[in-house]
Amino acid sequence: MKQTVECSSEQTTETAKIQKLKTANQEVRYNINTESLQAGNGTGTSRPSRKDYTAARDQNFRNPRQRAVIWGSLAVIWIAVVWLTGRLLPAGSTLTSLMDRNLAPTWAHPFGTDWLGRDMFMRTLKGLATSIQVGLLAACGGGLIALLLGLAAASSKAADRVISWIIDLFLSVPHLVSLVMLAFVFGGGLAGVAAAIALTHWPNLARIVRAEMIQLKSAEYIQVSHKLGQSRLQIAMQHMLPHLVPQLFVGILLIFPHAILHEAAITFLGLGLSPQQPAIGIILSESMRYLSAGMWWLAFFPGLALLLVVRAFDVLGNSLKTLTGTGSSREVR
């Protein structure tokens with residue numbers, strides 16, 4: 001018995017010595033690897049390279065939300081600069097000057113002058129400010145109509161059938177035809193054009209509001225509110241309306257470019273704003289008579305400026321759609 005005990009004690013001491021040797025070897029290898037890394041980098045800590053910074057920056061820029069914030073901010077700045085500049089220009093900036101008629105673009109007149117010597121750069125800025133004002137009135141009016149009809153459609157099945165029929169009726173008529181008819185009925189002018197555009201650009205947005213309301217009606221907290229005795233108006237205003245604000249806001253912004261283009265279209269046809277008011281449609285309509293004489297700048301620069309403003313509104317709407325997570329922008333056009 002004593003011999004077995006002594007043999008087992010000797011084996012445990014030998015295994016303990018072997019484990020200590022293994023631990024010492026691992027520590028030596030770790031120290032060697034650490035020293036080689038420090039010698040290769042020149043310091044004890046590894047520094048990120050320029051490629052790492054570039055990769056991180058590119059990865060951040062590929063983030064759709066950050067990209068939406070950047071492009072949306074640029075669009076807001078561009079729209080604000082154009083609108084404020086057009087509104088703050090003095091009235092004498094577009095006066096006639098027969099000594100400066102039909103001048104090509106120069107440093108003094110970046111967009112040239114027309115047949116009456118008026119500076120086309122100033123006229124274009126004033127026309128864009130007027131178009132933005134018409135687009136604002138029309139988009140807000142169309143959004144309000146869409147909100148009211150969407151809320152009414154979700155109140156009962158009978159109202160839903162009637163409003164769905166009205167939406168399909170308005171969608172079956174081309175925008176330009178209904179615009180011309182309504183602008184003629186309202187007598188033209190800024191208010192008449194804005195009302196005509198508002199009455200023709202609400203159906204798609206109303207369809208989206210109606211679908212959201214129908215989806216919200218089946219939510220559990222809406223059913224609980226019904227059982228607690230709240231009226232339909234209270235539920236719609238307190239619980240449903242806050243969920244509709246992102247879709248409604250994005251939809252109104254996406255109506256803007258269509259409102260501006262349609263305002264220019266019916267003004268170009270002579271059924272919109274009066275010739276005394278500065279508007280892009282009037283500028284383009286008047287310039288058609290002088291394009292054959294080689295005065296290309298009368299239509300090129302105002303048309304390009306109009307497209308840039310329309311594109312800015314489209315970019316802003318799509319950016320907000322990305323940030324709020326709403327539906328596709330094609331649904332509200």
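At roughly what angle do the axes of helix H4 and H11 cross? Keep that in mind while you get your bearings; what you have open is a predicted model.

**Whole chain**

Start with the cartoon view. You should see twelve helices and zero strands. Of the 333 residues, 37% count as buried. The accessible surface of the chain adds up to about 20,000 Å², and carbon and sulfur atoms account for 64% of it. Among contacts between residues at least 6 apart in sequence, 69% join residues at least 24 apart.

**Where H4 meets H11**

Now select residues 120-153, helix H4, and residues 280-287, helix H11. Their axes come within 8 Å and cross at roughly 135 degrees, so H4 is oblique to H11. To see the contact itself, show side chains for Met120, Arg123, Thr124, Gly127, Leu128 and Ser131 on H4, then Ile280, Ile283 and Glu286 on H11.

Stay here and pick out Arg123 and Glu286. Their side chains meet in a salt bridge, 3.6 Å from N to O. Arg123 sits in H4 and Glu286 in H11, so this pair ties together parts that are 163 residues apart in sequence. Both residues are buried. Add Asp114 and Arg118 to the selection: together with Arg123 and Glu286, they are linked in a network of salt bridges.

**Two further salt bridges**

The count of salt bridges comes to six. For another one, select Arg210 and Asp160, whose side chains meet at 2.5 Å, N to O. Arg210 is in helix H8 (residues 203-217) and Asp160 in helix H5 (residues 157-172), so the pair ties together parts 50 residues apart in sequence. Arg210 is partly exposed, with a relative accessible area of 22%, while Asp160 counts as buried at 16%.

Next, go to Arg311 and Asp314, which form a salt bridge of 3.0 Å, N to O. Both lie in helix H12, three residues apart, about one turn of the helix. Arg311 is partly exposed at 49% relative accessible area; Asp314, at 12%, counts as buried.

**Out to the surface**

Switch on the surface and select Trp78, Leu176, Phe268, Leu269, Met288, Leu291, Trp296, Phe300, Leu304 and Leu308. They form a nonpolar patch with about 920 Å² of accessible area together. Which helix gives the patch its largest share? That's H12 (residues 297-324), with three residues.

Last stop: Met288, one of the patch residues. Look for Met288 in the loop between H11 and H12. Its relative accessibility is 39%, so Met288 counts as partly exposed.

Terms used:
Residues are numbered from 1 along each chain as its sequence is written. This is a predicted model: local features need pLDDT of at least 70, side-chain atom pairs count only at pLDDT 80 or more; totals for chains, interfaces and linings use all residues. Side-chain values use heavy atoms; hydrogens and water are left out. Patches are made of residues with over 30% relative accessible area and no salt bridge: like charges are joined within 9 Å, nonpolar side chains (Val, Leu, Ile, Met, Phe, Trp, Tyr) within 5 Å. Accessible areas come from the Shrake-Rupley method with a 1.4 Å probe; for residues, only the protein chains shown count as cover. A salt bridge is a side-chain nitrogen of Lys or Arg within 4 Å of a carboxyl oxygen of Asp or Glu. Helices (H or I, at least four residues) and strands (E, at least two) are DSSP runs, numbered from the N terminus. Buried means under 20% relative accessible area, exposed over 50%, partly exposed in between (1.4 Å probe, protein chains only). Axes are lines fitted to C-alpha atoms, for helices over the stretch in contact, and angles run from 0 to 180 degrees between N-to-C directions. Angles under 35 degrees count as roughly parallel, over 145 as roughly antiparallel, 65 to 115 as roughly perpendicular and the rest as oblique. Contact means heavy atoms within 4.5 Å.
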